[in-house]
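Welcome! Here is a short briefing to help you find your way around a protein you have not met before.

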Amino acid sequence: MGADIYCAICCGPFARATVGVEQRSSVWRQHHFRPNVDLDVVDQNLPGSAGARDQPGEGSNVASAPEDNVMDYVYSPDVILDEVENGQVRWVRDVYLIGFDGSRAAIFGPGSHDDFSYVNMEVDLDPFGNEQECWECYTDTIQQHPSYPFHKPCYDVLARLLSRDKEMSAGETERLYQAMRTLGEDCGVALDLDYRLEGQEYEQFWVVQRGKEYTVTSPAESPAVLMHLQSVLQKNCFRQSSVDDASTGSLREGQDLFRNLPREILHSIVAYLENDQLPQLLMASRQVRAALRHDNGFWRLRIQNTMAWFFELLGYLDHHESGVVRELDLKRVFEWANTSSKGCMGMKGPLMVVANRRRIWETACTAIQKVYHAKA
Ligand SMILES: [Zn+2]
(Lines give C-alpha, C1' and ligand atoms only; values in the text may rest on other atoms or scores of the structure.)
Protein backbone atom coordinates (compact mmCIF):
# COMPACT_ATOMS: atom_id res chain seq x y z
CA MET A 1 0.00 0.00 0.00
CA GLY A 2 0.99 3.61 0.19
CA ALA A 3 1.23 6.22 -2.50
CA ASP A 4 3.66 8.46 -4.29
CA ILE A 5 3.95 12.21 -4.26
CA TYR A 6 5.60 13.97 -7.16
CA CYS A 7 8.07 16.77 -7.76
CA ALA A 8 6.22 20.10 -7.74
CA ILE A 9 8.28 21.24 -10.73
CA CYS A 10 8.65 18.23 -13.07
CA CYS A 11 5.98 16.01 -11.53
CA GLY A 12 8.46 13.15 -11.69
CA PRO A 13 8.77 10.50 -8.98
CA PHE A 14 11.06 10.39 -5.94
CA ALA A 15 11.53 6.64 -6.37
CA ARG A 16 10.25 3.83 -8.55
CA ALA A 17 12.02 5.06 -11.66
CA THR A 18 13.04 1.48 -12.22
CA VAL A 19 15.57 0.47 -14.86
CA GLY A 20 15.71 -3.09 -16.07
CA VAL A 21 17.23 -5.37 -18.64
CA GLU A 22 15.18 -8.53 -18.58
CA GLN A 23 11.92 -7.51 -20.12
CA ARG A 24 11.17 -6.39 -23.63
CA SER A 25 8.28 -3.97 -23.92
CA SER A 26 5.88 -3.83 -26.80
CA VAL A 27 7.65 -0.67 -27.95
CA TRP A 28 10.87 -2.65 -28.33
CA ARG A 29 9.03 -5.47 -30.06
CA GLN A 30 7.29 -3.11 -32.45
CA HIS A 31 10.69 -1.99 -33.62
CA HIS A 32 12.22 -5.44 -33.85
CA PHE A 33 9.48 -7.84 -34.89
CA ARG A 34 6.84 -7.95 -37.55
CA PRO A 35 3.31 -8.50 -36.19
CA ASN A 36 3.19 -12.16 -35.32
CA VAL A 37 0.22 -14.19 -34.18
CA ASP A 38 2.48 -16.72 -32.49
CA LEU A 39 3.99 -14.03 -30.32
CA ASP A 40 0.56 -13.10 -28.95
CA VAL A 41 -0.23 -16.74 -28.25
CA VAL A 42 3.02 -17.13 -26.31
CA ASP A 43 2.31 -13.93 -24.37
CA GLN A 44 -1.15 -15.08 -23.33
CA ASN A 45 0.38 -18.09 -21.68
CA LEU A 46 2.92 -16.17 -19.64
CA PRO A 47 2.34 -15.88 -15.89
CA GLY A 48 0.63 -12.62 -14.96
CA SER A 49 -0.85 -12.06 -18.38
CA ALA A 50 -4.20 -11.11 -16.86
CA GLY A 51 -2.69 -8.81 -14.23
CA ALA A 52 -3.68 -5.16 -14.25
CA ARG A 53 -0.53 -3.95 -12.47
CA ASP A 54 1.71 -1.43 -14.19
CA GLN A 55 -0.81 -0.45 -16.77
CA PRO A 56 0.55 2.50 -18.66
CA GLY A 57 -1.21 5.85 -18.78
CA GLU A 58 -3.73 6.85 -21.38
CA GLY A 59 -2.69 8.23 -24.70
CA SER A 60 0.57 6.37 -25.11
CA ASN A 61 1.55 3.85 -27.75
CA VAL A 62 2.18 1.39 -25.00
CA ALA A 63 -1.38 1.55 -23.74
CA SER A 64 -2.77 0.50 -27.09
CA ALA A 65 -0.87 -2.77 -27.34
CA PRO A 66 -3.00 -5.71 -26.16
CA GLU A 67 -0.09 -7.81 -24.93
CA ASP A 68 1.30 -5.12 -22.65
CA ASN A 69 -0.07 -6.35 -19.38
CA VAL A 70 2.39 -9.24 -19.36
CA MET A 71 5.34 -6.86 -19.10
CA ASP A 72 7.00 -5.37 -16.08
CA TYR A 73 7.48 -1.77 -16.99
CA VAL A 74 11.07 -0.73 -16.61
CA TYR A 75 13.18 1.91 -18.29
CA SER A 76 15.76 0.70 -20.72
CA PRO A 77 19.33 0.86 -19.40
CA ASP A 78 20.46 1.52 -22.97
CA VAL A 79 18.43 4.72 -23.05
CA ILE A 80 18.70 6.12 -19.51
CA LEU A 81 21.48 8.72 -19.37
CA ASP A 82 21.71 9.29 -15.63
CA GLU A 83 23.32 7.18 -12.94
CA VAL A 84 21.42 4.04 -11.98
CA GLU A 85 21.75 2.72 -8.43
CA ASN A 86 20.09 -0.45 -7.19
CA GLY A 87 17.99 -0.55 -10.31
CA GLN A 88 16.66 2.99 -9.82
CA VAL A 89 17.45 6.27 -11.54
CA ARG A 90 19.58 7.93 -8.88
CA TRP A 91 18.98 11.67 -9.28
CA VAL A 92 15.24 11.50 -8.69
CA ARG A 93 15.56 10.02 -5.20
CA ASP A 94 16.82 13.10 -3.33
CA VAL A 95 13.92 15.23 -2.16
CA TYR A 96 14.32 18.95 -1.46
CA LEU A 97 11.58 20.99 0.14
CA ILE A 98 10.35 24.53 0.27
CA GLY A 99 8.69 25.06 3.63
CA PHE A 100 7.22 27.88 5.70
CA ASP A 101 7.01 28.26 9.48
CA GLY A 102 4.55 31.11 9.58
CA SER A 103 7.16 33.84 9.48
CA ARG A 104 9.66 32.84 6.79
CA ALA A 105 10.13 30.35 3.97
CA ALA A 106 13.20 28.21 3.36
CA ILE A 107 14.55 25.67 0.88
CA PHE A 108 16.26 22.66 2.43
CA GLY A 109 17.27 19.06 1.92
CA PRO A 110 18.07 16.46 0.83
CA GLY A 111 15.69 13.99 2.36
CA SER A 112 13.83 10.97 1.12
CA HIS A 113 10.23 10.19 0.37
CA ASP A 114 8.79 7.95 3.05
CA ASP A 115 5.24 7.10 2.06
CA PHE A 116 2.05 8.90 1.19
CA SER A 117 2.79 12.61 1.52
CA TYR A 118 5.71 12.38 3.97
CA VAL A 119 9.38 13.20 3.49
CA ASN A 120 12.01 12.27 6.08
CA MET A 121 15.09 14.36 6.66
CA GLU A 122 17.99 14.59 9.11
CA VAL A 123 16.90 16.80 12.02
CA ASP A 124 19.87 19.14 11.64
CA LEU A 125 18.58 20.12 8.18
CA ASP A 126 15.47 21.73 9.69
CA PRO A 127 15.95 25.41 8.75
CA PHE A 128 13.45 26.56 11.37
CA GLY A 129 15.40 25.15 14.32
CA ASN A 130 12.77 22.71 15.55
CA GLU A 131 14.69 19.54 14.70
CA GLN A 132 11.73 18.31 12.73
CA GLU A 133 12.31 14.98 11.02
CA CYS A 134 9.10 14.30 9.12
CA TRP A 135 7.60 16.82 6.71
CA GLU A 136 4.17 16.64 5.15
CA CYS A 137 3.85 17.76 1.55
CA TYR A 138 0.96 19.31 -0.39
CA THR A 139 -1.47 18.83 2.50
CA ASP A 140 -1.35 20.09 6.06
CA THR A 141 -2.94 17.58 8.38
CA ILE A 142 -0.04 17.69 10.87
CA GLN A 143 1.57 21.02 10.03
CA GLN A 144 0.07 24.43 9.79
CA HIS A 145 1.91 24.98 6.53
CA PRO A 146 2.49 22.22 3.97
CA SER A 147 5.85 21.79 2.30
CA TYR A 148 6.38 21.35 -1.44
CA PRO A 149 8.86 18.76 -2.69
CA PHE A 150 11.15 18.91 -5.72
CA HIS A 151 14.35 17.61 -7.27
CA LYS A 152 17.32 19.95 -7.05
CA PRO A 153 17.99 19.99 -10.85
CA CYS A 154 14.33 20.93 -11.40
CA TYR A 155 14.61 23.75 -8.87
CA ASP A 156 17.75 25.02 -10.64
CA VAL A 157 15.77 25.25 -13.90
CA LEU A 158 12.96 27.13 -12.16
CA ALA A 159 15.39 29.46 -10.37
CA ARG A 160 16.98 30.33 -13.70
CA LEU A 161 13.59 31.53 -14.93
CA LEU A 162 12.62 33.34 -11.74
CA SER A 163 15.87 34.92 -10.60
CA ARG A 164 18.19 34.78 -13.65
CA ASP A 165 20.84 32.80 -11.77
CA LYS A 166 20.89 35.17 -8.81
CA GLU A 167 20.57 33.70 -5.34
CA MET A 168 16.94 34.04 -4.27
CA SER A 169 16.47 36.48 -1.40
CA ALA A 170 14.37 35.64 1.66
CA GLY A 171 11.48 37.66 0.21
CA GLU A 172 11.71 35.88 -3.15
CA THR A 173 11.79 32.47 -1.46
CA GLU A 174 8.63 33.33 0.45
CA ARG A 175 7.00 34.53 -2.75
CA LEU A 176 7.89 31.20 -4.40
CA TYR A 177 6.41 29.35 -1.44
CA GLN A 178 3.18 31.33 -1.69
CA ALA A 179 3.03 30.71 -5.46
CA MET A 180 3.33 26.96 -4.88
CA ARG A 181 0.70 27.11 -2.17
CA THR A 182 -1.68 28.86 -4.56
CA LEU A 183 -1.09 26.28 -7.27
CA GLY A 184 -1.16 23.37 -4.84
CA GLU A 185 -4.59 23.97 -3.42
CA ASP A 186 -6.85 20.94 -3.32
CA CYS A 187 -4.21 18.70 -4.83
CA GLY A 188 -2.50 16.02 -2.81
CA VAL A 189 0.33 14.71 -4.96
CA ALA A 190 1.59 17.53 -7.22
CA LEU A 191 0.68 21.10 -8.11
CA ASP A 192 -2.62 21.48 -9.89
CA LEU A 193 -1.07 21.82 -13.36
CA ASP A 194 -0.92 20.04 -16.67
CA TYR A 195 2.65 18.70 -16.68
CA ARG A 196 2.22 17.05 -20.08
CA LEU A 197 2.63 13.56 -18.68
CA GLU A 198 -0.62 12.21 -20.06
CA GLY A 199 -2.17 11.62 -16.67
CA GLN A 200 0.48 9.37 -15.17
CA GLU A 201 1.09 11.88 -12.37
CA TYR A 202 -2.34 11.21 -10.94
CA GLU A 203 -1.83 7.49 -10.50
CA GLN A 204 -1.25 6.07 -7.02
CA PHE A 205 2.30 5.22 -8.06
CA TRP A 206 4.55 6.58 -10.77
CA VAL A 207 3.77 4.81 -14.03
CA VAL A 208 6.98 3.72 -15.70
CA GLN A 209 6.55 3.81 -19.45
CA ARG A 210 9.35 2.21 -21.40
CA GLY A 211 10.02 4.57 -24.27
CA LYS A 212 9.43 7.66 -22.09
CA GLU A 213 12.84 7.68 -20.44
CA TYR A 214 13.14 11.37 -21.19
CA THR A 215 10.54 12.13 -18.47
CA VAL A 216 13.01 10.89 -15.83
CA THR A 217 16.12 12.42 -17.42
CA SER A 218 17.78 15.13 -15.35
CA PRO A 219 17.09 18.57 -16.82
CA ALA A 220 20.39 19.98 -15.52
CA GLU A 221 22.60 21.83 -18.00
CA SER A 222 24.69 19.15 -19.64
CA PRO A 223 28.17 19.05 -21.22
CA ALA A 224 27.00 16.02 -23.24
CA VAL A 225 24.27 18.15 -24.82
CA LEU A 226 26.79 20.85 -25.67
CA MET A 227 29.09 18.28 -27.32
CA HIS A 228 26.17 16.88 -29.29
CA LEU A 229 25.17 20.36 -30.33
CA GLN A 230 28.66 21.21 -31.53
CA SER A 231 28.80 18.06 -33.56
CA VAL A 232 25.37 18.59 -35.14
CA LEU A 233 25.95 22.23 -36.02
CA GLN A 234 29.15 21.36 -37.88
CA LYS A 235 27.13 19.66 -40.57
CA ASN A 236 26.95 21.31 -43.94
CA CYS A 237 23.18 21.65 -43.81
CA PHE A 238 23.58 24.31 -41.12
CA ARG A 239 25.98 26.42 -43.20
CA GLN A 240 24.56 29.56 -44.74
CA SER A 241 23.64 29.30 -48.38
CA SER A 242 22.10 31.73 -50.81
CA VAL A 243 19.82 28.96 -52.03
CA ASP A 244 16.35 29.22 -50.55
CA ASP A 245 15.26 25.88 -49.11
CA ALA A 246 11.52 26.52 -49.45
CA SER A 247 9.31 26.14 -52.42
CA THR A 248 7.96 29.45 -53.62
CA GLY A 249 4.37 28.39 -53.14
CA SER A 250 1.50 29.09 -55.44
CA LEU A 251 0.61 32.59 -54.32
CA ARG A 252 0.95 35.38 -56.83
CA GLU A 253 2.56 38.55 -55.57
CA GLY A 254 -0.76 40.41 -55.52
CA GLN A 255 -2.39 37.77 -53.27
CA ASP A 256 0.19 38.05 -50.54
CA LEU A 257 -1.46 39.77 -47.57
CA PHE A 258 1.93 40.68 -46.17
CA ARG A 259 3.13 42.68 -49.17
CA ASN A 260 4.04 46.27 -48.45
CA LEU A 261 3.94 45.74 -44.69
CA PRO A 262 6.60 47.77 -42.87
CA ARG A 263 9.30 45.58 -41.37
CA GLU A 264 8.42 46.58 -37.79
CA ILE A 265 4.79 45.54 -38.26
CA LEU A 266 5.82 42.23 -39.77
CA HIS A 267 8.07 41.54 -36.78
CA SER A 268 5.22 42.43 -34.41
CA ILE A 269 2.90 39.99 -36.18
CA VAL A 270 5.28 37.05 -36.19
CA ALA A 271 5.96 37.60 -32.49
CA TYR A 272 2.44 36.26 -31.86
CA LEU A 273 3.07 33.02 -33.76
CA GLU A 274 4.04 29.76 -32.15
CA ASN A 275 7.41 28.38 -33.21
CA ASP A 276 5.69 25.61 -35.16
CA GLN A 277 3.68 28.17 -37.12
CA LEU A 278 6.55 30.39 -38.18
CA PRO A 279 8.05 28.12 -40.88
CA GLN A 280 4.51 27.63 -42.23
CA LEU A 281 4.11 31.37 -42.66
CA LEU A 282 7.41 31.51 -44.52
CA MET A 283 6.11 28.81 -46.83
CA ALA A 284 2.86 30.66 -47.40
CA SER A 285 4.17 34.19 -48.00
CA ARG A 286 6.91 35.22 -50.40
CA GLN A 287 6.99 38.61 -48.75
CA VAL A 288 7.62 37.20 -45.28
CA ARG A 289 10.18 34.76 -46.61
CA ALA A 290 12.03 37.47 -48.45
CA ALA A 291 12.12 39.58 -45.31
CA LEU A 292 13.04 36.90 -42.75
CA ARG A 293 14.54 33.80 -44.38
CA HIS A 294 18.18 34.97 -44.30
CA ASP A 295 17.90 37.49 -41.47
CA ASN A 296 20.16 35.78 -38.93
CA GLY A 297 19.57 38.59 -36.44
CA PHE A 298 15.85 37.80 -36.45
CA TRP A 299 16.39 34.07 -35.94
CA ARG A 300 18.96 34.62 -33.19
CA LEU A 301 16.47 36.81 -31.33
CA ARG A 302 13.72 34.29 -31.91
CA ILE A 303 15.86 31.53 -30.40
CA GLN A 304 16.75 33.72 -27.42
CA ASN A 305 13.14 34.78 -26.81
CA THR A 306 11.35 31.47 -27.28
CA MET A 307 13.92 28.80 -26.42
CA ALA A 308 15.21 30.03 -23.09
CA TRP A 309 15.09 26.40 -21.95
CA PHE A 310 17.82 25.39 -24.41
CA PHE A 311 20.66 26.56 -22.14
CA GLU A 312 23.39 24.87 -24.15
CA LEU A 313 22.31 26.38 -27.48
CA LEU A 314 22.01 29.89 -26.04
CA GLY A 315 25.45 29.53 -24.49
CA TYR A 316 26.87 28.24 -27.76
CA LEU A 317 25.46 31.14 -29.77
CA ASP A 318 26.65 33.66 -27.18
CA HIS A 319 30.12 32.40 -26.44
CA HIS A 320 31.30 30.29 -29.31
CA GLU A 321 33.90 31.88 -31.56
CA SER A 322 31.94 34.38 -33.52
CA GLY A 323 33.23 33.24 -36.93
CA VAL A 324 31.65 29.78 -36.66
CA VAL A 325 28.36 31.16 -35.43
CA ARG A 326 28.37 33.82 -38.14
CA GLU A 327 28.47 31.10 -40.78
CA LEU A 328 25.44 29.30 -39.37
CA ASP A 329 22.06 29.40 -41.02
CA LEU A 330 20.14 30.30 -37.87
CA LYS A 331 16.75 29.65 -39.43
CA ARG A 332 17.74 26.03 -39.87
CA VAL A 333 19.24 25.94 -36.38
CA PHE A 334 15.94 27.32 -35.05
CA GLU A 335 13.90 24.64 -36.84
CA TRP A 336 16.23 21.86 -35.75
CA ALA A 337 16.17 23.03 -32.11
CA ASN A 338 12.39 23.38 -32.10
CA THR A 339 11.78 19.95 -33.57
CA SER A 340 14.49 17.87 -31.92
CA SER A 341 13.68 19.07 -28.38
CA LYS A 342 10.12 17.78 -28.37
CA GLY A 343 9.79 14.84 -26.04
CA CYS A 344 8.18 11.81 -27.62
CA MET A 345 7.71 8.12 -27.11
CA GLY A 346 10.89 6.25 -28.01
CA MET A 347 13.16 9.27 -27.69
CA LYS A 348 16.85 8.51 -27.10
CA GLY A 349 20.13 10.38 -26.79
CA PRO A 350 21.38 13.55 -25.10
CA LEU A 351 18.51 15.72 -26.30
CA MET A 352 16.27 13.90 -23.79
CA VAL A 353 17.84 16.34 -21.31
CA VAL A 354 16.54 19.30 -23.30
CA ALA A 355 13.17 17.67 -23.96
CA ASN A 356 12.48 17.15 -20.28
CA ARG A 357 13.75 20.62 -19.42
CA ARG A 358 11.54 22.13 -22.12
CA ARG A 359 8.52 20.24 -20.77
CA ILE A 360 9.25 21.48 -17.26
CA TRP A 361 9.90 25.04 -18.43
CA GLU A 362 6.78 25.30 -20.56
CA THR A 363 4.47 23.78 -17.95
CA ALA A 364 5.22 24.23 -14.25
CA CYS A 365 7.98 26.86 -14.46
CA THR A 366 5.88 29.19 -16.62
CA ALA A 367 2.78 28.66 -14.45
CA ILE A 368 4.72 29.22 -11.22
CA GLN A 369 6.38 32.32 -12.69
CA LYS A 370 2.98 33.86 -13.51
CA VAL A 371 1.72 33.46 -9.94
CA TYR A 372 5.12 34.44 -8.51
CA HIS A 373 5.08 37.76 -10.37
CA ALA A 374 1.45 38.38 -9.46
CA LYS A 375 2.48 38.19 -5.81
CA ALA A 376 5.22 40.83 -6.23
ZN1 LIG B 1 11.59 17.23 -10.63
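What follows is a brief tour, from the overall make-up to the core and one pair of helices.

The model you see is a predicted one. The protein contains 13 helices and seven strands, and 34% of its 376 residues count as buried.

**Overall make-up**
- Take the contacts between residues at least 6 apart in sequence: 70% of them join residues at least 24 apart.

**The largest nonpolar core**
- This core has 75 residues, and I9, C154 and M180 are the ones that touch the most other members.
- Helix α13, which spans residues 351-374, supplies the largest share of the core, with 11 residues.
- At least three core residues come from domain 2 (88-217 + 358-374), and at least three come from domain 3 (223-352).
- Which residues does M180 contact, leaving aside its neighbours within four places in sequence? They are A8, I98, Y148, L191 and I368.

**Where α3 meets α13**
- Helix α3 covers residues 152-163, and its axis lies 10 Å from that of α13.
- The two helices pack at an angle of about 50°; angles from 35 to 65 degrees count as oblique, so α3 and α13 are oblique to each other.
- Their crossing is right-handed.
- On the α3 side, the contact is made by C154, V157, L158, L161 and L162.
- On the α13 side, R357, I360, W361, C365, I368, Q369 and Y372 take part.
- Two of these names may look familiar: C154 is among the core residues that touch the most other members, and I368 is one of the contacts of M180.

Notes:
Residues numbered from 1 in each chain as written. Predicted model: local features only at pLDDT ≥ 70, side-chain atom pairs only at ≥ 80, totals over all residues. Helix = DSSP H or I, 4+ residues; strand = E, 2+ residues; numbered from the N terminus. Buried ≥ 20, exposed ≤ 12 C-beta atoms within 10 Å, placed from the backbone. Contact = placed C-beta atoms within 7 Å. Core = buried A, V, L, I, M, F, W, Y, C linked by C-beta atoms within 7 Å. Domains from an automatic or database assignment. Axes fitted to C-alpha atoms, helices over the stretch in contact; angles between N-to-C directions. Parallel < 35°, antiparallel > 145°, perpendicular 65-115°, else oblique. Left-handed = near helix turned anticlockwise from the far one by under 90°.
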